[in-house]
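Me: I have a model open and would like to understand the labels people attach to it. Could you go through the reasoning with me?

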Amino acid sequence: MEALLTACQEADSTEVSAKPKRSFYAARDLYKYRHQYPQNFKDIRYQNDLSNLRFYKNKIPFKPDGVYIEEVLSKWKGDYEKLEYSHTYIQWLFPLREQGLNFYAKELTTYEIEEFKKTKEAIRRFLLAYKMMLEFFGIKLIDKTGNVARAVNWQERFQHLNESQHNYLRITRILKSLGELGYESFKSPLVKFILHEALVENTIPNIKQSALEYFVYTIRDRRERRRLLRFAQKHYTPSENFIWGPPRREQPEGSKAPKTPAPPTSGHHSQTSMHKKPKDSKNPSAAGRVNSKAAEDKKVTPREPEEETDWPSSEAGSEAAGSGDPEREGDADDSRPQPEETIAHALEKKESASPSEKDEEREKRNKDCESPGETGSHDDALLQ
């Protein structure tokens, strides 16, 4: 009996100390985001009614709630209950070139992005919406370069953020939307702040996996991602469990197509080559030792962030379901269109679902979109 208990304890300790895995789905989706959604071209200008821009110009309310942006910014600010339990506003406040669960929210196109950046009132309100959500998380925007710090209410809000993990999905969406609408430079200060609070101050420890798997990889600048990963590696505990980045997709044995030998140039050369001995056949044991040593070196050498920050999205096509990722790269609100009266219920169910349930749903609706890179500079929008 004692031996059995000891074995169970050892198994538990092994499970606790096991290195966390990285989600292949997150890596694939964030790769697409960073590279401007390069697949399945559908960015047709005349199909876009500029609903995101018109919403931010206070011309139309967001659906299905029927609330205008000015009301959100004036009456929802500081109403943490409403911001926590309402699920249809986040896609309108932070639009993306991806479809969310609220199918009334339209996807951005590159044309709409260009128009949005040229509209000062839209940019001003967008920054106010960003400030409102930061305050909801316990963070404040302190300058026009995107630097952030703890808000006055940080202790209460950090405790909530540490326990309310569906908000990590919202943060992923916010970061991506910042990059789409001209504020790519705002992302790194926020991610660095979150990593510091999670890994150094230990105020929001539950967020560190999402920060390393999602938040960091929304940043398009490769050098900046490496800098953040090195910061995280320095403070990560236990240090041996730190993972530099998502693994490359390895094809199972037998799935690779056999190489077709090159046709012989002539019958004479073909016959001659059949009788030639391989150059390395004189000393097979030495060759084996070299190959074995090379394999060992490959296993031991740690993978640096620059080796894992980018890889072709074509590797993503054959991944099986069930990776166990807690959130999809886009946001928590991705799904198929549903009747209007069931949206709130569906969102609530979605955010309370287990990771495996989310994986199954994501596998059903994996879709790509495409658009060229963002252009334009930041407007000197008001931050107060």
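Me: Which residues in helix 9 meet which residues in helix 10?
Reply: Happy to help; keep in mind that this is a predicted model. From helix 9, H160, L161 and N162 meet N167, Y168 and I171 of helix 10. Sorted by class, that contact has 3 nonpolar, 3 polar and no charged residues.

Me: What makes helix 9 roughly perpendicular to helix 10?
Reply: The axes of helix 9 (residues 154-163) and helix 10 (residues 166-180) cross at roughly 100° and come within 6 Å. Angles of 65 to 115 degrees count as roughly perpendicular, so helix 9 is roughly perpendicular to helix 10.

Me: Why is R225 called buried?
Reply: R225 has a relative accessible area of 0%, and buried means under 20%, so R225 is buried. This arginine is found in helix 13 (residues 222-235).

Me: What does the side chain of R225 reach?
Reply: The R225 side chain reaches the backbone oxygen of I219, at 2.8 Å.

Me: Which residues have the most contacts inside the largest nonpolar core?
Reply: Those are L93, M133, L195 and F215, in a core of 69 residues. Helix 8 (residues 120-137) gives the largest share of this core, 11 residues.

Me: And what is M133 in contact with, leaving aside its neighbours within four places in sequence?
Reply: M133 is then in contact with L83, Y89, I90, F94 and I174. Contact here means heavy atoms within 4.5 Å.

Technical notes:
Residues numbered from 1 in each chain as written. Predicted model: local features only at pLDDT ≥ 70, side-chain atom pairs only at ≥ 80, totals over all residues. Heavy atoms only, no water. Core = buried A, V, L, I, M, F, W, Y, C linked by side-chain atoms within 4.5 Å. Buried < 20%, exposed > 50% of the residue type's maximum accessible area, 1.4 Å probe, protein only. Helix = DSSP H or I, 4+ residues; strand = E, 2+ residues; numbered from the N terminus. Polar contact = N/O pair within 3.5 Å; in protein donor to acceptor, adjacent residues only side chain to side chain. Axes fitted to C-alpha atoms, helices over the stretch in contact; angles between N-to-C directions. Parallel < 35°, antiparallel > 145°, perpendicular 65-115°, else oblique. Nonpolar A, V, L, I, M, F, W, Y, C, P; charged D, E, K, R; others polar.
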